[in-house]
Amino acid sequence: MRCGRIIERVGHIRAYAAFAGLVVAATATMPLLTGSLPWLVLRTFVGFGCAGLFITTESWLNAKAQPAERGRVFSVYMVGTFVALAAGQLLIGRAKIETTAPFNAIVALFAVALVMVSTTRAEPPRVTVVANLPFGQLVRAAPVAVGGGALSGLISSSFYALVPAWMQGESIARETIAISMLAAVLGGLAFQVPIGRLSDRFDRRIVLAVLGLGIVGAAAALVFLPHSLPVVLPAVALLGGFMSTVYPVCVAHAHDRMPADRVVAVSSQLIRVSGLGSVIGPLIGTNLMVRFNIDGVFYLMATAALLLAILAAGRSLTRASPQHLERPFQILMPQAAPLAHDPLGGSDEPPSPDSVRLASKEG
């Protein structure tokens, strides 16, 4: 909610330096103040800084890339992101978390990134003020996208926040935890391009319904099948693949429903919705774990995914599918929105009155 205004005020490079510096300062302080309350505050600063870094980076890419190559640019960016996530999971099993070494490594990596961006010769995009979009208007135009964004945040946060914590509480080896999370990340990487192509060819709501049912099936497998690595890892990979593609399909569907001059505002609203779902998911999941153990988390994920499938399939039966309006699927995550449009990056022609009326009536 705040990062966009910071970028608009100071520009991309200064904003990136500020966000990275905030993460460095908070991370370096964590070994010095190891109480629960200080870490709560410091982790909040880390989360704010990391969100700002994602928003700064992705808005820069979106603004500078040509429309014809924007999908490929984001694909390369997200492949790099997933590879980094996978490498981070592998490092969990090797890091000596009882020492300050992991914190120092994080500080060093962020400092290197800060130096690289601060010394770049690339011209940052010219920032424009984001157009306002009432939330109710977005809900009326694209209810499936809004509901799917919230449920996507709830499902993903429940899995990534609670499952590793439960495994650690069960004294499962850190190497096993890292491998399990790595399987989910690699599944997300593998599903991006195939699901993206399907969503560009067919009604995105049908694709969302299929993804929802896929999450239900993978969650059920993790509950009822034997809890051995040869069985768990493929199910986790499928679950990660289905989870990671729900949000970008929702974003693409919302863009299909709205005129071109609202693209930035649409993305911003969906990020907020997904963020709210990400906060609510672990809170509900922890309460269910008290009664159902880890199965409660998978019950929650399956219920949310089934709700998404019903909503998407129901709307596809009652409302005609919109044209994709030449906005293809982009591989992205719900951390960031494009906050700027560089005039050099593509056409800024407004939509025709017919397309605006069509977007407001359909859905």
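Helices are DSSP runs of H or I of at least four residues, numbered from the N terminus. In this predicted model, S180 is found in helix α8.

## Overall organisation

The secondary structure of the chain consists of 13 helices and 0 strands. Read from the N terminus, the order of elements is α-α-α-α-α-α-α-α-α-α-α-α-α. The chain has 363 residues, of which 45% count as buried. Among contacts with a separation of 6 or more, 85% are made by residues 24 or more positions apart. The chain exposes about 18000 Å², and carbon and sulfur atoms supply 67% of that area.

## Nonpolar cores

In soluble globular proteins, nonpolar side chains tend to be buried together. In this model the largest nonpolar core has 56 residues, and F159, L239 and F298 have the most contacts inside it. The elements that give two or more residues to this core are α6 (135-141), α7 (143-169), α8 (174-201), α9 (204-224), α10 (229-257), α11 and α12 (295-318). Helix α10 provides the largest share of the core, with 12 residues. Apart from this core lies another, of 19 residues, which includes C3, V46, F103 and F110.

F159 counts as buried because its relative accessibility is 1%, below the cut-off of 20%. Leaving aside neighbours within four places in sequence, F159 is in contact with P164, M181, A184, V236, L239, M243, F298 and M301. Two of the residues with the most contacts inside the largest core, L239 and F298, are thus among the contacts of F159.

S180, in helix α8, has a relative accessibility of 4% and therefore counts as buried. Not counting residues up to four places away in sequence, S180 touches M167, L229, L233 and V236. V236 also appears among the contacts of F159.

## Aromatic pairs

A pair of aromatic rings is described by the distance of the centres and the angle of the planes. The count for this model comes to 5 aromatic pairs. One of them joins W39 and F103, whose ring centres are 6.1 Å apart and whose planes meet at 70°, so the pair is edge-to-face. W39 lies in helix α3 (residues 36-64) and F103 in helix α5 (residues 101-118), so this pair ties together parts that are 64 residues apart in sequence. W39 counts as partly exposed because its relative accessibility is 31%, whereas F103 counts as buried at 16%. F159 and Y160 also form an edge-to-face pair, with 5.0 Å centre to centre and 85° between the planes. In that pair F159 is buried at 1% relative accessibility, while Y160 is partly exposed with a relative accessible area of 36%.

The two pairs are set out below.

| Pair | Centre distance | Angle between planes | Geometry |
|---|---|---|---|
| W39 and F103 | 6.1 Å | 70° | edge-to-face |
| F159 and Y160 | 5.0 Å | 85° | edge-to-face |

## Charged and surface features

The count of salt bridges comes to 1. D203 forms a salt bridge with R205, with the closest N and O atoms 2.9 Å apart. Both D203 and R205 are buried.

On the surface, L276, V279, I280, L283 and I284 make a nonpolar patch of about 470 Å². I280 has its place in helix α11 (residues 263-292). With a relative accessibility of 41%, I280 counts as partly exposed. Helix α11 is also one of the elements that give two or more residues to the largest core.

## Backbone conformation in two loops

Most residues other than glycine have a negative phi, and most peptide bonds are trans. S171 has a positive phi near 60° and is a residue other than glycine. This residue lies in the loop between α7 and α8. S171 counts as exposed, because its relative accessibility is 66%.

N293 is likewise not a glycine and has a positive phi of about 60°. The place of N293 is in the loop between α11 and α12. N293 is partly exposed, with a relative accessible area of 38%.

Definitions and conventions
Residues numbered from 1 in each chain as written. Predicted model: local features only at pLDDT ≥ 70, side-chain atom pairs only at ≥ 80, totals over all residues. Heavy atoms only, no water. Patch = residues over 30% accessible without salt bridge, like charges linked within 9 Å, V, L, I, M, F, W, Y side chains within 5 Å. Areas by Shrake-Rupley, 256 points an atom, 1.4 Å probe, with all protein chains shown as cover. Salt bridge = Lys/Arg side-chain N within 4 Å of Asp/Glu carboxyl O. Buried < 20%, exposed > 50% of the residue type's maximum accessible area, 1.4 Å probe, protein only. Phe/Tyr/Trp six-rings, centres within 6.5 Å; stacked < 30°, edge-to-face > 60°. Core = buried A, V, L, I, M, F, W, Y, C linked by side-chain atoms within 4.5 Å. Contact = heavy atoms within 4.5 Å.
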